[in-house]
Amino acid sequence: MTVYDVAARLPEIPALRDHCRALAMLDAILSPEWESRYHSFDAHWRPGEEMASMSNGSGDAYSIVFTSAGAYIRGFDHESPMSPWGNDDLEVWPGVLDTVPEVFRTQVAEPAFTRDGVPDVTACLWRTATGTRWQTGEIDFAGHSDGADWLFGLLTERSADAYRTWACDYFETEVPLAAVEHVHALRPLTGDIIWALNADVSLADLADDIAEIGYPTD
(Lines give C-alpha, C1' and ligand atoms only; values in the text may rest on other atoms or scores of the structure.)
Protein backbone atom coordinates (compact mmCIF):
# COMPACT_ATOMS: atom_id res chain seq x y z
CA MET A 1 0.00 0.00 0.00
CA THR A 2 1.29 3.42 -0.97
CA VAL A 3 0.01 6.91 -0.37
CA TYR A 4 -2.27 6.39 -3.40
CA ASP A 5 -4.09 3.59 -1.59
CA VAL A 6 -4.33 5.68 1.57
CA ALA A 7 -5.92 8.53 -0.38
CA ALA A 8 -8.63 6.17 -1.60
CA ARG A 9 -9.39 4.86 1.89
CA LEU A 10 -9.41 8.00 4.04
CA PRO A 11 -12.81 9.40 5.08
CA GLU A 12 -13.96 12.98 4.65
CA ILE A 13 -12.17 15.62 6.73
CA PRO A 14 -14.67 15.89 9.65
CA ALA A 15 -14.72 12.11 10.11
CA LEU A 16 -10.94 11.93 10.04
CA ARG A 17 -10.70 14.74 12.60
CA ASP A 18 -13.10 12.94 14.94
CA HIS A 19 -11.22 9.68 14.53
CA CYS A 20 -7.91 11.36 15.35
CA ARG A 21 -9.39 12.91 18.50
CA ALA A 22 -10.59 9.48 19.60
CA LEU A 23 -7.16 7.92 19.02
CA ALA A 24 -5.51 10.69 21.05
CA MET A 25 -7.99 10.35 23.91
CA LEU A 26 -7.55 6.59 24.08
CA ASP A 27 -3.78 6.96 24.17
CA ALA A 28 -4.04 9.63 26.88
CA ILE A 29 -6.02 7.25 29.08
CA LEU A 30 -3.78 4.26 28.44
CA SER A 31 -0.55 6.24 28.77
CA PRO A 32 -0.58 9.05 31.37
CA GLU A 33 3.00 9.94 30.41
CA TRP A 34 2.77 12.06 27.25
CA GLU A 35 6.19 10.95 26.01
CA SER A 36 5.02 7.35 25.80
CA ARG A 37 1.96 8.08 23.68
CA TYR A 38 1.70 7.21 20.01
CA HIS A 39 -1.20 9.49 19.02
CA SER A 40 -1.80 13.09 20.04
CA PHE A 41 -4.22 15.86 19.12
CA ASP A 42 -3.81 19.58 19.77
CA ALA A 43 -7.02 21.51 19.22
CA HIS A 44 -5.15 24.79 19.81
CA TRP A 45 -1.96 24.16 17.86
CA ARG A 46 -1.97 27.45 15.94
CA PRO A 47 -4.63 30.17 15.63
CA GLY A 48 -7.32 28.62 13.47
CA GLU A 49 -5.43 25.32 13.19
CA GLU A 50 -5.62 21.92 14.88
CA MET A 51 -3.07 19.14 14.57
CA ALA A 52 -3.27 15.38 14.93
CA SER A 53 0.04 13.61 15.18
CA MET A 54 1.70 10.24 15.57
CA SER A 55 5.21 9.51 16.78
CA ASN A 56 6.61 6.08 17.52
CA GLY A 57 9.69 7.37 19.34
CA SER A 58 12.02 5.93 16.72
CA GLY A 59 11.95 8.81 14.26
CA ASP A 60 8.79 7.87 12.38
CA ALA A 61 5.82 10.20 12.49
CA TYR A 62 2.85 11.76 10.80
CA SER A 63 1.11 15.11 11.21
CA ILE A 64 -2.34 16.17 10.07
CA VAL A 65 -3.09 19.87 10.12
CA PHE A 66 -6.78 20.83 10.01
CA THR A 67 -7.49 24.39 8.87
CA SER A 68 -10.36 26.30 7.31
CA ALA A 69 -8.69 25.55 3.97
CA GLY A 70 -8.91 21.79 4.50
CA ALA A 71 -6.42 19.22 5.77
CA TYR A 72 -2.75 18.55 5.05
CA ILE A 73 -1.08 15.24 5.90
CA ARG A 74 2.61 14.46 5.92
CA GLY A 75 4.12 11.15 6.92
CA PHE A 76 7.76 10.25 7.51
CA ASP A 77 9.26 6.77 7.53
CA HIS A 78 12.90 7.28 8.49
CA GLU A 79 13.93 3.91 7.03
CA SER A 80 12.25 4.46 3.68
CA PRO A 81 14.61 4.80 0.70
CA MET A 82 12.43 7.79 -0.19
CA SER A 83 13.58 9.75 2.86
CA PRO A 84 15.40 13.01 2.06
CA TRP A 85 18.04 11.88 4.53
CA GLY A 86 18.81 8.82 2.46
CA ASN A 87 20.52 10.76 -0.33
CA ASP A 88 23.47 13.11 -0.39
CA ASP A 89 21.42 16.00 -1.82
CA LEU A 90 18.91 15.95 1.08
CA GLU A 91 16.08 16.37 -1.40
CA VAL A 92 12.48 15.32 -0.99
CA TRP A 93 11.55 12.43 -3.30
CA PRO A 94 10.32 13.79 -6.66
CA GLY A 95 6.58 14.33 -6.81
CA VAL A 96 5.87 14.01 -3.08
CA LEU A 97 5.50 17.76 -2.46
CA ASP A 98 5.72 19.26 -5.94
CA THR A 99 1.99 19.82 -6.46
CA VAL A 100 0.86 20.70 -2.94
CA PRO A 101 -1.61 23.61 -3.37
CA GLU A 102 -0.62 27.10 -2.29
CA VAL A 103 -3.09 27.03 0.62
CA PHE A 104 -0.97 24.30 2.24
CA ARG A 105 2.52 25.55 1.38
CA THR A 106 3.00 26.98 4.88
CA GLN A 107 2.55 23.44 6.20
CA VAL A 108 5.21 22.15 3.84
CA ALA A 109 7.69 24.62 5.30
CA GLU A 110 6.45 24.35 8.90
CA PRO A 111 9.55 24.20 11.16
CA ALA A 112 7.98 21.43 13.25
CA PHE A 113 7.95 19.24 10.14
CA THR A 114 11.47 20.03 8.92
CA ARG A 115 15.09 19.65 9.97
CA ASP A 116 17.62 22.23 8.83
CA GLY A 117 15.03 23.42 6.34
CA VAL A 118 14.54 19.94 4.85
CA PRO A 119 10.99 18.52 5.13
CA ASP A 120 10.77 15.25 7.06
CA VAL A 121 8.42 13.60 4.58
CA THR A 122 8.12 10.42 2.55
CA ALA A 123 4.34 10.56 2.01
CA CYS A 124 1.97 13.50 1.63
CA LEU A 125 -1.76 13.96 1.09
CA TRP A 126 -4.13 16.89 1.17
CA ARG A 127 -7.79 17.73 0.70
CA THR A 128 -9.30 21.18 0.39
CA ALA A 129 -12.42 22.10 2.33
CA THR A 130 -14.44 22.04 -0.90
CA GLY A 131 -12.59 19.09 -2.43
CA THR A 132 -14.30 15.81 -3.19
CA ARG A 133 -11.30 13.54 -2.64
CA TRP A 134 -7.88 13.26 -1.06
CA GLN A 135 -5.01 14.11 -3.38
CA THR A 136 -1.34 13.26 -3.70
CA GLY A 137 1.51 14.13 -6.01
CA GLU A 138 2.41 12.13 -9.09
CA ILE A 139 5.13 9.82 -7.83
CA ASP A 140 7.38 7.19 -9.37
CA PHE A 141 8.12 4.99 -6.37
CA ALA A 142 10.79 3.05 -8.26
CA GLY A 143 9.77 -0.04 -6.32
CA HIS A 144 10.30 1.61 -2.93
CA SER A 145 7.91 1.94 0.01
CA ASP A 146 6.96 5.40 1.26
CA GLY A 147 5.89 3.96 4.62
CA ALA A 148 2.23 4.75 4.05
CA ASP A 149 1.22 1.12 4.54
CA TRP A 150 2.02 1.18 8.25
CA LEU A 151 2.21 4.91 9.06
CA PHE A 152 -1.48 5.43 8.33
CA GLY A 153 -2.73 1.95 9.22
CA LEU A 154 -5.09 3.12 11.98
CA LEU A 155 -6.41 5.90 9.75
CA THR A 156 -7.40 3.58 6.92
CA GLU A 157 -8.61 0.76 9.20
CA ARG A 158 -10.68 2.76 11.65
CA SER A 159 -12.60 0.09 13.54
CA ALA A 160 -12.54 -0.01 17.33
CA ASP A 161 -11.26 -3.57 17.12
CA ALA A 162 -8.29 -2.51 14.98
CA TYR A 163 -7.29 0.00 17.66
CA ARG A 164 -7.84 -2.53 20.46
CA THR A 165 -5.62 -5.09 18.74
CA TRP A 166 -2.90 -2.50 18.18
CA ALA A 167 -3.13 -1.07 21.72
CA CYS A 168 -2.94 -4.47 23.41
CA ASP A 169 0.39 -5.00 21.66
CA TYR A 170 1.77 -1.47 21.95
CA PHE A 171 0.85 -0.82 25.58
CA GLU A 172 1.23 -4.48 26.58
CA THR A 173 -2.08 -4.61 28.41
CA GLU A 174 -5.60 -5.90 27.93
CA VAL A 175 -7.86 -3.30 26.36
CA PRO A 176 -11.65 -3.88 26.55
CA LEU A 177 -13.41 -3.46 23.24
CA ALA A 178 -16.57 -1.90 24.73
CA ALA A 179 -14.56 0.93 26.30
CA VAL A 180 -12.72 1.56 23.03
CA GLU A 181 -16.05 1.68 21.19
CA HIS A 182 -17.31 4.27 23.70
CA VAL A 183 -14.37 6.58 23.06
CA HIS A 184 -14.37 5.90 19.32
CA ALA A 185 -17.92 7.25 19.25
CA LEU A 186 -16.70 10.39 21.08
CA ARG A 187 -19.16 9.82 23.90
CA PRO A 188 -18.41 11.81 27.08
CA LEU A 189 -16.01 10.01 29.38
CA THR A 190 -17.24 8.39 32.57
CA GLY A 191 -15.36 7.04 35.55
CA ASP A 192 -16.34 3.49 34.60
CA ILE A 193 -15.02 3.82 31.05
CA ILE A 194 -11.73 5.29 32.24
CA TRP A 195 -11.35 2.64 34.93
CA ALA A 196 -11.96 -0.12 32.38
CA LEU A 197 -9.09 1.23 30.26
CA ASN A 198 -6.74 2.24 33.06
CA ALA A 199 -7.57 1.84 36.74
CA ASP A 200 -4.74 4.20 37.69
CA VAL A 201 -6.27 7.22 35.95
CA SER A 202 -9.26 9.35 36.94
CA LEU A 203 -11.43 11.80 35.05
CA ALA A 204 -9.80 14.65 36.98
CA ASP A 205 -6.36 13.43 35.91
CA LEU A 206 -7.43 13.78 32.28
CA ALA A 207 -8.79 17.32 32.47
CA ASP A 208 -5.85 18.92 30.67
CA ASP A 209 -5.78 16.22 28.01
CA ILE A 210 -9.51 16.54 27.38
CA ALA A 211 -9.11 20.29 26.91
CA GLU A 212 -6.08 19.94 24.62
CA ILE A 213 -7.74 17.29 22.48
CA GLY A 214 -11.07 19.08 22.39
CA TYR A 215 -12.80 15.86 23.40
CA PRO A 216 -16.56 16.30 23.93
CA THR A 217 -17.82 16.68 27.49
CA ASP A 218 -21.32 16.76 28.99
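Let us begin with the sheet. In this predicted model, five strands form an open sheet in the order β1-β2-β3-β4-β7, and their pairing is antiparallel. The strands at the two edges are β1, residues 39–46, and β7, residues 123–128; each has a single partner strand, so one side of each has no neighbour in the sheet. From one strand to the next, the twist averages 15 degrees.

I shall now go through the sheet pair by pair, starting at β1. Strands β1 and β2 pair in the antiparallel sense over 5 bridges. One position to find on the screen is His 39, which stands opposite Met 54 in β2. The two strands form a hairpin with 2 residues between them, and in that turn Gly 48 has a positive phi of about 75 degrees.

The next pair is β2 with β3. Here 6 bridges connect the strands, again in the antiparallel sense. Met 54 appears once more, for its bridge partner in β3 is Tyr 62. This hairpin has 5 residues between the strands, and Gly 57 takes a positive phi near 80 degrees.

At the other end of the order, strand β4, residues 70–76, runs antiparallel to β7 and is joined to it by 6 bridges. Two positions illustrate the pairing: Ala 71 stands opposite Arg 127 in β7, and Arg 74 stands opposite Cys 124 in β7.

A general remark may help when you look at the strands. In a regular strand, side chains alternate between the two faces of the sheet.

How many of the residues of β2 are buried? The count is 6 of 7, so β2 is largely enclosed by the rest of the structure. The edge strand β7 is also mostly covered, with 5 of its 6 residues buried.

Let me turn to one residue of the sheet, Tyr 62, which lies in strand β3. Is Tyr 62 buried or exposed? Its relative accessible area is 3%, and because buried means under 20%, Tyr 62 counts as buried. Setting aside neighbours within four places in sequence, Tyr 62 has contacts that include Leu 23, His 39, Met 54, Arg 74, Leu 151 and Phe 152. Several of these names have already come up in this talk. By contrast, Glu 212 is 150 residues from Tyr 62 in sequence, and their C-alpha atoms are 18 Å apart in space.

Leu 151 deserves a description of its own. This residue lies in helix α4, residues 148–151, and is likewise buried, with a relative accessible area of 3%. Not counting residues up to four places away in sequence, Leu 151 touches Tyr 62, Met 54, Gly 75 and Thr 122, among others. Val 3 lies 148 residues from Leu 151 in sequence, yet the distance between their C-alpha atoms is 9.9 Å.

We come now to the helices, and to α2 in particular. Helix α2 lies across β1, β2, β3, β4 and β7, running at about 115 degrees to β1. Helix α2, residues 13–30, also packs with helix α7, residues 177–184; the angle is about 135 degrees and the axes are 9 Å apart. That angle makes α2 oblique to α7. Which residues of α2 meet α7? They are His 19, Ala 22, Leu 23, Met 25 and Leu 26, and on the side of α7 they meet Val 180, Val 183 and His 184. By class, this contact holds 6 nonpolar and 2 polar residues, with no charged ones.

Helix α6 spans residues 160–170, and its buried residues are Ala 160, Ala 162, Tyr 163, Trp 166, Ala 167 and Cys 168. Among the elements that cover them are α2, β1, α5 and α7. Just after α6, Glu 172 takes a positive phi of about 55 degrees.

Finally, let us consider the cysteines. A disulfide is a covalent bond between the sulfur atoms of two cysteines. How many disulfides are there in this model? The count is 0. Cys 20, for example, is in no disulfide: the nearest cysteine sulfur belongs to Cys 124 and is 15 Å away. The cut-off for a disulfide is 2.5 Å, so a pair of sulfur atoms must lie within that distance to qualify. Cys 20 counts as buried, at 2% relative accessibility. Cys 168, which we met in α6, is buried too, with a relative accessible area of 18%.

Technical notes:
Residues are numbered from 1 along each chain as its sequence is written. This is a predicted model: local features need pLDDT of at least 70, side-chain atom pairs count only at pLDDT 80 or more; totals for chains, interfaces and linings use all residues. Side-chain values use heavy atoms; hydrogens and water are left out. Buried means under 20% relative accessible area, exposed over 50%, partly exposed in between (1.4 Å probe, protein chains only). Axes are lines fitted to C-alpha atoms, for helices over the stretch in contact, and angles run from 0 to 180 degrees between N-to-C directions. Helices (H or I, at least four residues) and strands (E, at least two) are DSSP runs, numbered from the N terminus. Angles under 35 degrees count as roughly parallel, over 145 as roughly antiparallel, 65 to 115 as roughly perpendicular and the rest as oblique. Contact means heavy atoms within 4.5 Å. Ala, Val, Leu, Ile, Met, Phe, Trp, Tyr, Cys and Pro count as nonpolar, Asp, Glu, Lys and Arg as charged, and the others, Gly among them, as polar. Two strands pair if DSSP finds at least two bridges between them.
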